[in-house]
Amino acid sequence: MREARESGRRRERRAPTKGVRQLPFARVENRYPPIALLSADEIEAIHQASLTLLSDVGMEVLHDESRRVLKTAGAEVDESTQRVRFDPALIEQEIAKAPAEFTLEARNPACNVKVGGPHVIFAATGGPAFASDCDRGRRAGNYQDMCDYIKVIHGLNVIHQEGGCPIEPTDLPAETRHLDFYRAVIGLTDKTWQCWALGRYRVEDAIEMAAIAMGKTRDALEASPVTLTIVNSNSPLRLDIPMGEGLCAMAKAGQPVAMTPFTLAGAMSPVTIAGALAQQNAEALSLIALSQLVNPGVPVMYGGFTSNVDMRTGAPAFGTPEYAKAALASGQLARRYNIPFRSSNVTASNCVDVQAAYESGMSLWGTIMGGVNLIEHAAGWLEGGLTASFEKLILDAEMLQLMRAFLDPIRIDEESLGLEAIREVGPGGHFFGAGHTLARFERAFYEPMLSDWRNFENWQDAGSKTGTERANAIWKELLRTYEPPPLDPAIAEALDAYVARRKEEIARGIHWQTA
C-alpha cells in the first residue's frame, strides 16, 4: 500500500508538457471538512425564507412550456402576468429527486469527471466577448482566438473541463456560431466540455454533435451524460425564454444543468448578504424543481454566484469578502439539499495584475472551503467576465495547481515522521545530505509552473521577468507544442456534414424540427 502511494506521488511530481513543467491530469478530491459559516438554524431560516418567497412572490416565467409544466404539477400560474407561485411541498418534493452524484463522460475516458461528493472539477472560463494578451492587447472575440484558447486549455493538465466557449467568436454569424464552437471543442480537446443554453436549438445541436462524437445514440447519452450547461435566472425572480428553452431541452436529454442565479447584492438582490442568499436560493430551487418535473432524476447542480456591487458606481465587484462568505454559505445550502455545488473563480480586475491575483485567490479559498464540486471560470476570467486573458489562464492554472497540492492530505506514518533521519542528523546538523532527504528530494514538495523561486541576482541575470511575462511565455509554449487528440476521420466527417447541414437549415429559418 505504501509503495502504491509512493508511486502515485512520483507520478504527481513529473509531467512535463514539452517545455512546460506541470502536474499530470488527475481527478481532485477535497477531504477537508467544509467551513460551516452558518449554523443549522441559520441555514434553515434561509431555506424557509426562500419557500416563502416562492409561495408569496413567485417567479416570473416567460417560457410557455415551463409554465405549462409547472401548472400541470400544481403550481399557481397567472397567465396575465406570467407569474408562477409554488407550494412549498411541491418544491421539497421535486428537489429531493435530484441525484447527489453523477459522472460526465469525455471522448477520452481518462478525462471523465465525477460530480458531487468530495470531487472537485476545474473548468476554464466560458462566455467572454473579448480576448486579451500582452502582445495584442484587448480585442473582440474571434474564432482563431477561441481555438487557440481551447488548445491551451487542452494542454493545461490541471484543467478538467472546457467551460462553455472561452471566447465568443463574434466574427461568425450569431445564429450559427455555436456550431463552430461545438465542432472546434470536440476536435481540439478530448476533455469534457460545456454547451450553450441560449435557446432549445443550440442545446439540441450540442446533443446531436456529442452523440456523433461519442458514437452513441441520444438515448445512450441520457444514461451517460457528456455535456453540461449553465442556466442563469434573470435575477430578480425571472426565468426568460432562451434559458427556459435550454433548461427543458437539457433536462429532456438527461444532461446536467448548473442552476445559477446572478444575484448581485444591492443591484439584483437585497443589499444584505442574507437577503441575497434567500433570493438566490429561491431562484435556484425553482429551477431545480422545474428540471425534475421535466425529467425526474435528471442530474443538476446548485449554482451560487452571489456577490456585491460597488455602491459608489454600481459596477459588479468580485473576489470580495462578501463573495467568499456567500460561497461558503451557498455550499452549506447545496449540502442541505444533497445536490452538487457550483461556484466560480472571479475578479473585477481589468488586467493581469496584483488585483487579479488577490481577488481570484479570495474567490478560490471561498469555493474550495465551501465544498465546491465545479469551479466554473476556474481559469482565464478577467474584467468581470468580459475578457478571457491568455496570461490570466496561466496565472489561474498555477493557483489551481497550488490548491490541488493543498488538497493532498498530509501523510502520517513511520517513514514520513522521519525519526531515524532526526537521529542521524542530530542537534545542530542539516538534512540536505541525509538519506531520508536524498530518497525523497525530487518529489518532496510542490514544484511551480509559473513561480520563480530564484534569488534576486539569478532572477535579474535571467532577464528580471515578471510573473505576467513568464505566463505569456508559457501559454505560447503550450500553443506551439499543441498536438490534437485523436479523432476518428469518419466521426470528423460526420460532424462536418452535420454542421454544414444545420447552417443551411438555420439560414432557411429552420432552427429545429422534431423528428
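A cavity here is a set of grid points where a 1.4 Å probe fits but cannot get out. With that in mind, welcome to a short tour of a predicted model, told as a set of close-up views.

**View 1. The largest cavity holds about 80 Å³ of space.** Of the 13 residues that line the largest cavity, Ala 106, Arg 107, Lys 191, Trp 193 and Met 214 come closest to its centre. Two helices, H6 (177–188) and H7 (200–214), each supply at least two residues of this lining. H7 gives the largest share, with three residues. Sorted by class, the lining of the largest cavity has eight nonpolar, two polar and three charged residues. If you are collecting enclosed spaces, the structure holds four cavities of 30 Å³ or more.

**View 2. The second largest cavity has a volume of about 50 Å³.** Which residues line the second largest cavity? They are Arg 27, Val 28, Val 113, Lys 114, His 119, Val 120, Ile 121 and His 160. Strand E6 (113–115) and strand E7 (119–124) are the elements that give two or more residues to this lining. E7 gives the most, with three residues. By class, the lining of the second largest cavity divides into four nonpolar, two polar and two charged residues.

**View 3. The second largest pocket has a volume of about 790 Å³.** There are 29 residues in the lining of this pocket, and Gly 126, Gly 127, Ile 230, Asn 232 and His 377 are the closest to its centre. Strand E11 (227–231) and strand E19 (374–379) each supply at least two residues of the lining. In terms of class, the lining of the second largest pocket splits into 14 nonpolar, eleven polar and four charged residues.

**View 4. Helices H6 and H7, which both help line the largest cavity, also pack against each other.** Their axes are 10 Å apart and meet at an angle of about 25°. Angles under 35 degrees count as roughly parallel, and H6 and H7 are therefore roughly parallel to each other. H6 passes H7 in a right-handed crossing. On the H6 side, the contact is made by His 178, Leu 179, Tyr 182, Arg 183 and Ile 186. On the H7 side, the contact is made by Tyr 201, Arg 202, Asp 205, Ala 206, Met 209, Ala 210 and Ala 213. By class, the contact of H6 with H7 has eight nonpolar, one polar and three charged residues.

**View 5. Helix H9 (residues 241–252) packs with helix H10 (residues 273–294) at an angle of about 45°.** The axes of H9 and H10 are 9 Å apart. The angle makes H9 oblique to H10. Is the crossing of H9 and H10 left-handed or right-handed? The crossing of H9 and H10 is right-handed. H9 brings Leu 247, Cys 248, Ala 251 and Lys 252 to the contact, while H10 brings Leu 287, Leu 290, Ser 291 and Val 294. The residues of this contact divide into six nonpolar, one polar and one charged.

**View 6. Helix H12 (residues 354–369) and helix H13 (residues 390–407) pack with their axes 11 Å apart.** The angle between H12 and H13 is about 35°, and their crossing is right-handed. From H12, the contact takes in Ala 356, Ala 357, Ser 360, Gly 361, Leu 364, Trp 365, Ile 368 and Met 369. From H13, the contact takes in Lys 392, Leu 395, Asp 396, Met 399, Leu 400, Met 403, Phe 406 and Leu 407. By class, the contact of H12 with H13 has twelve nonpolar, two polar and two charged residues.

**View 7. A cis peptide bond joins Ser 235 and Pro 236.** Omega for this bond is about 5°. Where does Pro 236 sit? Pro 236 is in the loop between E11 and strand E12 (238–239). Leu 237 is in the loop between E11 and E12 as well, and its phi is near 60°, a positive value in a residue other than glycine. E11 may look familiar from View 3, where it supplies at least two residues of the lining of the second largest pocket.

Notes. Residues numbered from 1 in each chain as written. Predicted model: local features only at pLDDT ≥ 70, side-chain atom pairs only at ≥ 80, totals over all residues. Heavy atoms only, no water. 1 Å grid on protein atoms, 1.4 Å probe; cavity = no way out; pocket = protein on both sides within 12 Å on 5 of 7 lines; lining within 4 Å. Points joined across faces, edges and corners; volume = space filled by probe spheres on them. Helix = DSSP H or I, 4+ residues; strand = E, 2+ residues; numbered from the N terminus. Nonpolar A, V, L, I, M, F, W, Y, C, P; charged D, E, K, R; others polar. Axes fitted to C-alpha atoms, helices over the stretch in contact; angles between N-to-C directions. Parallel < 35°, antiparallel > 145°, perpendicular 65-115°, else oblique. Left-handed = near helix turned anticlockwise from the far one by under 90°. Contact = heavy atoms within 4.5 Å.
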